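Here is a short tour for a reader who has not met this structure before. Take a look at the chain, then read on.

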Amino acid sequence: MKNQSNVQESEVTRAYYQLMKDTKASGYNLNPDKNFARDLVKSLYINKQRYTYQACPCRLASGNKLDDLDIICPCDYRDADLEDYGTCYCGLYVSEDVINKKRHVEPIPERRPVKEIREQTKNQQESYRNPFQTKKDVPVWRCRVCGYLCARSQPPQRCPICKAAQDRFEQFP
Ligand code: SF4
């Protein structure tokens with residue numbers, strides 16, 4: 001196991017630029033404060049070495065990947081936080097409005113449920129085999145441009161396939 005002193009700054013820089021490229025390609029935005037974003041990428045890099053997966057730098061990971069699936073970056077809560085607060089919990093990702101200075105980033109509350117609730121939800125989800133036949137309170141969204149489907153509480157900010165904006169999604173019956 002490596003520790004922080006083993007971090008190769010050149011690898012972190014490479015990881016940062018790769019993430020920036022991937023983020024743009026998928027229609028999302030990294031925080032424009034380069035040093036801040038790079039520090040978070042460095043923490044993700046360290047977590048990858050520590051846990052073998054990129055656990056969120058702002059949350060306490062358990063070290064058990066199955067328990068931490070929801071906080072592997074980008075976490076399950078990113079889009080909802082971008083929608084409601086203009087930033088993900090750590091501030092690594094920001095919304096288009098923040099980039100265009102129409103909205104300021106502010107501290108946001110933790111959206112991740114406590115462990116007991118997560119376990120309950122996991123047990124319920126395991127009883128559903130088809131991801132598009134999930135609980136009634138998890139709607140399925142369809143991109144009207146390319147037909148991409150996803151089951152989540154809100155449609156994504158951008159379609160990961162065709163990059164259509166959120167308002168091009170409709171609820172799938
Ligand atoms: S809060 Fe941001 S940095 Fe943390 S896992 Fe979610 S998307 Fe990644």
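Two strands count as paired if DSSP finds at least two bridges between them. The model shown is a predicted one. In it, β3 (residues 140-143) and β4 (residues 149-151) pair in the antiparallel sense, over three bridges. β3 also runs antiparallel to β5 (residues 169-172), joined by four bridges. Valine 140 faces a partner in each strand: alanine 151 in β4 and phenylalanine 172 in β5.

The hairpin of β3 and β4 has five residues between its strands. Glycine 147 in this hairpin takes a positive phi near 90 degrees.

Which residues of β3 are buried, and which are not? Trp141 and Cys143 point to one face and are buried. Val140 and Arg142 point to the other face and are not buried. In a regular strand, side chains alternate between the two faces of the sheet.

**Domains**

The domain assignment splits the chain into domain 1 (4-129) and domain 2 (130-173). Their C-alpha centres lie 21 Å apart.

**Helix α2**

Helix α2 covers residues 34-51. Its 18 residues, at 1.5 Å a residue, should span 26 Å. The end C-alpha atoms are 25 Å apart, so the helix agrees with that expectation. The buried residues of α2 are Ala37, Arg38, Leu40, Val41, Ser43, Leu44, Tyr45 and Asn47. Their cover includes α1 (9-25) and β1 (29-30).

**Ligand surroundings**

There are 14 residues around the ligand. Cys56, Cys73, Cys75, Cys88 and Cys90 come nearest. The shell divides into 13 nonpolar residues, no polar ones and one charged.

Cysteine 73 also takes part in a cis peptide bond, with proline 74. Omega there is about -5 degrees. Proline 74 sits in the loop between α3 (65-68) and α4 (78-85).

**Positive phi outside glycine**

Threonine 52 follows α2. The table sets it beside lysine 101.

| Residue | Phi | Loop | C-beta neighbours inside 10 Å |
|---|---|---|---|
| Threonine 52 | near 80 degrees | between α2 and α3 | 11 |
| Lysine 101 | about 60 degrees | between α5 (96-99) and α6 (115-126) | 8 |

Are these residues buried or exposed? A residue is exposed if 12 or fewer other C-beta atoms lie within 10 Å of its own. Threonine 52 has 11 such neighbours, so it counts as exposed. Lysine 101 has 8, so lysine 101 counts as exposed.

Technical notes
Residues are numbered from 1 along each chain as its sequence is written. This is a predicted model: local features need pLDDT of at least 70, side-chain atom pairs count only at pLDDT 80 or more; totals for chains, interfaces and linings use all residues. Domain bounds come from an automatic or database domain assignment. A residue is near a molecule or strand if its C-beta atom, placed from the backbone, lies within 6 Å of it. Ala, Val, Leu, Ile, Met, Phe, Trp, Tyr, Cys and Pro count as nonpolar, Asp, Glu, Lys and Arg as charged, and the others, Gly among them, as polar. Helices (H or I, at least four residues) and strands (E, at least two) are DSSP runs, numbered from the N terminus. The expected span of a helix is 1.5 Å times one less than its number of residues. A residue is buried if 20 or more other C-beta atoms lie within 10 Å of its own, exposed if 12 or fewer, and partly exposed in between; C-beta atoms are placed from the backbone. Two residues are in contact if their C-beta atoms, placed from the backbone, lie within 7 Å.
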